[in-house]
Amino acid sequence: MLSAAKKEFIEFMMSADVLRFGSFVTKSGRNTPYFVNTGNYKTGLQNSKLGEFYAAAVKEAVGGNFDAMFGPAYKGIPLATSTAGALARLYGIDKPFFFNRKEVKDHGEGGNIVGYKPKDGDRVIIIEDVITAGTAVRETMPVLAACADVKVTDMFISVNRCEVGQTPGKTAVMEVGEEFGIKVHALITVEDIHEYLKEHGGYQEILPQMEAYMEKYCIL
C-alpha cells in the first residue's frame, strides 16, 4: 500500500527531475530504467522541502538520540545541511552536521572534514541519497573512522533500490547492516516507485522494463 507521504515524495522527486525514467547506467554498472539524481535539486524551495522529508524520517526513527549527522561528499552535503535545518526548525532538534572534502586541504587548518569535529563515542547518523551496491558507504566509513572513534548507528537515504550487493541473495542495504551495524532507513523503495507507476497511467513502456530489472537485480 502506497502511503500519502510516499506518494508525495515520489511526486516531489519527479517534479524536480530527480527521479527519471529512461535508460541509465548506475555506479555499479547496471543498466537501469529509472535513475535518482539528487544533484538535480537546485532551488531553495526544493532544498527546504527535501530537508523536511528527511527530517520527518530522522524524527520518526531516532528522534534526537544522536550527536551529529554526516553528509558524504558531494551529494550528501546539501542533504545533511537541509536536514539539520529542518530538524531544528520543525522539531526543535538542533544537532551539528559535518561533511568531508574529497581533496585534503593543504592550507589553513588543513584536513578533509568541514563543520562539526566528531569526538570519541559520538553517535553519528549518515544522510545520503541512494544505496545501489554499497560502494559509497564503504568509502565513507574509513573517513569517519579517521575522525574519531564514532559509532554510526543509522543511515537515511531517499530510495532503497533493493538491489543485490556483493553477496548473492543479499541487498546492499542488508550488507551495510551486517558489515557495519548500520540500520538503513529509506524514504521510499523501488517497490513504491513501481506501485506508483502502476497506479498512474502513461507508464506502459516503463513498467515492463522496471519489472524485468527488479526480477534480475532486486531482492524484494
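User: Leaving aside neighbours within four places in sequence, which residues is Asn-40 in contact with?
Analyst: In this predicted model, Asn-40 is in contact with Ala-16, Asp-17, Val-18, Arg-20 and Gln-46, not counting neighbours within four places in sequence.
User: Where does Asn-40 lie?
Analyst: In the loop between strand S2 (31-36) and H2.
User: Buried or exposed?
Analyst: Asn-40 counts as buried, because its relative accessibility is 17% and the cut-off for buried is under 20%.
User: Core next. Which residues touch the most other members of the largest nonpolar core?
Analyst: Phe-9, Met-13, Ile-127 and Ile-193, out of 44 residues in that core.
User: And which helix gives the most to this core?
Analyst: Helix H2, residues 44-61, which supplies 6 residues.
User: What is Phe-9 in contact with, leaving aside neighbours within four places in sequence?
Analyst: Phe-9 contacts Tyr-41, Leu-50, Phe-53, Ser-158, Leu-187 and Ile-188 on that basis. Apart from the largest nonpolar core lies another core, of 22 residues, including Phe-70, Phe-98, Val-152 and Met-155.
User: Switching to helices. At roughly what angle do the axes of H1 and H6 cross?
Analyst: Roughly 85 degrees, with the axes of H1 (residues 4-15) and H6 (residues 190-199) coming within 10 Å. H1 is therefore roughly perpendicular to H6.
User: Which residues make the contact?
Analyst: From H1, Lys-6, Lys-7, Ile-10, Glu-11 and Met-14; from H6, Asp-192, Ile-193 and Tyr-196.
User: How do the residues of that contact divide into nonpolar, polar and charged?
Analyst: The contact of H1 with H6 has 4 nonpolar residues, 4 charged and no polar.

Definitions and conventions:
Residues are numbered from 1 along each chain as its sequence is written. This is a predicted model: local features need pLDDT of at least 70, side-chain atom pairs count only at pLDDT 80 or more; totals for chains, interfaces and linings use all residues. Side-chain values use heavy atoms; hydrogens and water are left out. A nonpolar core is a set of buried Ala, Val, Leu, Ile, Met, Phe, Trp, Tyr and Cys residues joined through side-chain atoms within 4.5 Å. Buried means under 20% relative accessible area, exposed over 50%, partly exposed in between (1.4 Å probe, protein chains only). Helices (H or I, at least four residues) and strands (E, at least two) are DSSP runs, numbered from the N terminus. Contact means heavy atoms within 4.5 Å. Axes are lines fitted to C-alpha atoms, for helices over the stretch in contact, and angles run from 0 to 180 degrees between N-to-C directions. Angles under 35 degrees count as roughly parallel, over 145 as roughly antiparallel, 65 to 115 as roughly perpendicular and the rest as oblique. Ala, Val, Leu, Ile, Met, Phe, Trp, Tyr, Cys and Pro count as nonpolar, Asp, Glu, Lys and Arg as charged, and the others, Gly among them, as polar.
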